[in-house]
Amino acid sequence: MKLYMAPGSCSTGIHILLEELELPFEAWIVNLPAGDHRKPEYLAINPKATIPTLVRDDGSALTEFQAIAWWLARRYPQARLLPDDADGEARVIEVMSYVVGTIHGQGYTRIFTTDGYTDDPAEHAVVQARGREIVEQGFALMNGLLAGREYVAGSFSIADAALFYVEFWADRIGIDLPENCLAHYRRMRARPVVQRVLAEEGYR
Ligand SMILES: N[C@@H](CCC(=O)N[C@@H](CS)C(=O)NCC(=O)O)C(=O)O
């Protein structure tokens, strides 16, 4: 398989899952600042111009974090990356969708890609402040959910890989994580696979 990714981006969550599953794959770095994701070669693989993209062994490309994570968990069930019961599985997808769609998609995008929200540089600060507010509200919700639990679903699941990458971004840009999210982040960073993935992506 081939993972189209960028170090330290949301694709880090999928990178973690691939390594947790001990699957062989090729890492293809997409240089986002250089605009490689908008070049015809990449658009031929993923016309949405986003990472992550996972090209499977049959040559088909799968996009969207949640879809890739869910497919990996279902295709390789031995690692038990999803609860067995429908309710537990739905709860994991509920969290993952909120993390990717709201904390990342509505919060961090306002902070990292402010230009996409306004052409007026004078408005940047207010857009970024709103992004930070969305991110902080998101972590407050996740904090409640993690009370008394080591991982989102009790044991490690695909939702933890999603929550990890937004916690990692908080760490990078100085957003304080509430207590249970901080404990979750530290727990994730203590996992050997996460340490290896971050080292491979150039982080300590
Ligand atoms: N909904 C997509 C969003 C992925 C996404 O926003 N990825 C970012 C990197 S973390 C990206 O591709 N940014 C490039 C762009 O949108 O121009 C998913 O779940 O995979």
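A pocket, on a 1 Å grid over the protein atoms alone, is an open set of points where a 1.4 Å probe fits, with protein on both sides within 12 Å along at least five of seven lines. A molecule sits in a pocket if more than half of its atoms lie within 2 Å of its grid points. The model is predicted, so local features need pLDDT of at least 70 and side-chain atom pairs pLDDT 80 or more, while totals for chains, interfaces and linings use all residues. Residues are numbered from 1 along each chain as its sequence is written, and side-chain values use heavy atoms, leaving out hydrogens and water.

**Exercise 1.** Locate the ligand and describe its surroundings.

*Step 1.* The ligand sits in the largest pocket.

*Step 2.* Helix H3 (65–75) and helix H4 (86–112) are the elements that give two or more residues to the shell around the ligand. Helices (H or I, at least four residues) and strands (E, at least two) are DSSP runs, numbered from the N terminus.

*Step 3.* Residues around the ligand (a heavy atom within 4 Å) include Ser9, Cys10, Phe65 and His104. By class, the shell has five nonpolar, five polar and two charged residues.

**Exercise 2.** Find polar contacts of the ligand (pairs of N or O atoms within 3.5 Å).

*Step 1.* Start with the side chains: a polar atom of arginine 38 lies 2.9 Å from a ligand oxygen, and an N or O atom of glutamate 64 is 2.7 Å from a ligand nitrogen.

*Step 2.* Turn to the backbone: an N or O atom of isoleucine 51 lies 2.8 Å from a ligand nitrogen.

*Step 3.* Finish with the area: the ligand alone exposes 510 Å², and the protein buries 75% of that (Shrake-Rupley method, 1.4 Å probe).

**Exercise 3.** Inspect the backbone between helix H2 (40–43) and strand S3 (53–55).

*Step 1.* Recall that most peptide bonds are trans, and most residues other than glycine have a negative phi.

*Step 2.* Proline 52 is in this loop, and the peptide bond from isoleucine 51 to proline 52 is cis, with omega near 0°.

*Step 3.* Alanine 49 is also found between H2 and S3; its phi is positive, near 60°.

Technical notes. A polar contact is a pair of N or O atoms within 3.5 Å; within protein, one must be able to donate a hydrogen and the other to accept it, and residues adjacent in sequence count only if both atoms are side-chain atoms. On a 1 Å grid over the protein atoms alone, a cavity is a set of points where a 1.4 Å probe fits but cannot get out, and a pocket is an open set with protein on both sides within 12 Å along at least five of seven lines; lining residues have an atom within 4 Å of a point. Ala, Val, Leu, Ile, Met, Phe, Trp, Tyr, Cys and Pro count as nonpolar, Asp, Glu, Lys and Arg as charged, and the others, Gly among them, as polar.
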